[in-house]
Amino acid sequence: MITNNTPAIKLYEKLGFKIERELLFMEAPAQIDPDTRPNNEIEVRRMTAADLSRWEERWDAQPSWQNSNDAITRCEAARTILGAFIDGECAGYAVFTNGLGRIAQFMIDRRFRKIGIASRLLMEMQADLTPDSKMQVINLDHVLTDTVQFFEKRGFRKVLAQFEMHMTL
């Protein structure tokens with residue numbers, strides 16, 4: 001539910017839905033500024049949806065239902081999952097729509113932040129884009145301020161915000 005659609009929000013609340021959190025949709029310009037120091041010493045390799053459950057305890061927040069591990073598994077053929085490895089250990093990963101750069105999950109282990117891993121993953125993703133595509137972050141929890149700032153520093157801008165709403169049955 002888009003946050004400024006007050007009539008729809010009131011209707012859903014009247015039906016018993018409650019606002020759980022605010023999610024952002026961010027978009028990058030045609031060419032992003034990855035960073036001045038992407039880490040080229042890491043090994044980037046493809047992973048599978050089955051690999052993602054091992055990293056859930058490292059998440060800063062739960063992904064939205066459409067970016068959950070179950071949803072990614074159901075449409076794995078349309079997704080690319082890239083892992084960033086240092087000395088054989090997964091330091092982070094990105095899940096995005098093939099060719100389109102729509103980021104569903106983006107995780108960098110807290111122990112490995114600020115050493116260029118996220119920027120390296122963005123560079124790899126940008127290389128996968130089809131012409132005229134722009135990288136996008138879909139349903140990023142707005143409370144993840146460090147993550148929001150990371151994307152903003154690379155040229156991403158907030159396009160819209162929406163509420164995730166739930167109803168107890």
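This report walks through the fold, the cores and one buried serine of a predicted protein model.

**Overall fold**

The protein has five helices and seven strands. Along the sequence they follow the pattern α-β-β-α-α-β-β-β-α-β-α-β. The chain therefore opens with a helix and ends with a strand.

How does the size fit that of a compact globule? For 169 residues, such a globule would have a radius of gyration near 15 Å, and the protein has 17 Å, which agrees. The C-alpha trace spans about 55 × 30 × 30 Å along its principal axes.

Contacts often link distant parts of the sequence. Take those between residues at least 6 apart: 72% of them join residues at least 24 apart.

**Surface and charge**

Here are some whole-protein values.

| Property | Value |
|---|---|
| Residues that count as buried | 48% of 169 residues |
| Accessible surface | about 9500 Å² |
| Share of that surface from carbon and sulfur atoms | 50% |
| Positive side chains | 22 side chains |
| Negative side chains | 24 side chains |
| Distance between the centres of the two charge sets | 4 Å |

**The nonpolar cores**

In soluble globular proteins, nonpolar side chains tend to be buried together. In this model, the largest nonpolar core holds 29 residues. Which of them touch the most other members? They are Ile103, Phe106, Leu122, Met135, Phe151 and Phe156.

Several elements build this core. Five strands supply at least two residues each: β1 (18-27), β3 (79-86), β4 (89-97), β5 (102-108) and β6 (136-141). The helices α4 (117-128) and α5 (145-153) do so too. The biggest share comes from α4, with five residues.

Leu122 shows how these parts meet. Leaving out residues up to four places away in sequence, Leu122 touches Ile32, Ile103, Phe106, Met135, Phe150, Phe151, Arg154 and Phe156. Five of the core's most connected members are on that list: Ile103, Phe106, Met135, Phe151 and Phe156.

A separate core has 13 residues. Leu52, Ile81, Phe85 and Met107 are among them.

**A buried serine in a loop**

Where is Ser64 found? Ser64 sits in the loop between α2 (49-52) and α3 (69-74). Is Ser64 buried or exposed? Its relative accessible area is 1%, and buried means under 20%, so Ser64 is buried.

Which residues does Ser64 contact, apart from neighbours within four places in sequence? They are Arg21, Leu23, Asn139 and Glu164. Two of these partners, Arg21 and Leu23, fall within the range of β1 (18-27). Asn139 falls within that of β6 (136-141).

Key. Residues numbered from 1 in each chain as written. Predicted model: local features only at pLDDT ≥ 70, side-chain atom pairs only at ≥ 80, totals over all residues. Heavy atoms only, no water. Helix = DSSP H or I, 4+ residues; strand = E, 2+ residues; numbered from the N terminus. Rg over C-alpha atoms; globule rule 2.2 N^0.38 Å. Buried < 20%, exposed > 50% of the residue type's maximum accessible area, 1.4 Å probe, protein only. Contact = heavy atoms within 4.5 Å. Areas by Shrake-Rupley, 256 points an atom, 1.4 Å probe, with all protein chains shown as cover. Lys, Arg positive; Asp, Glu negative; His and termini not counted. Charge placed at Lys NZ, Arg CZ, Asp CG, Glu CD. Core = buried A, V, L, I, M, F, W, Y, C linked by side-chain atoms within 4.5 Å.
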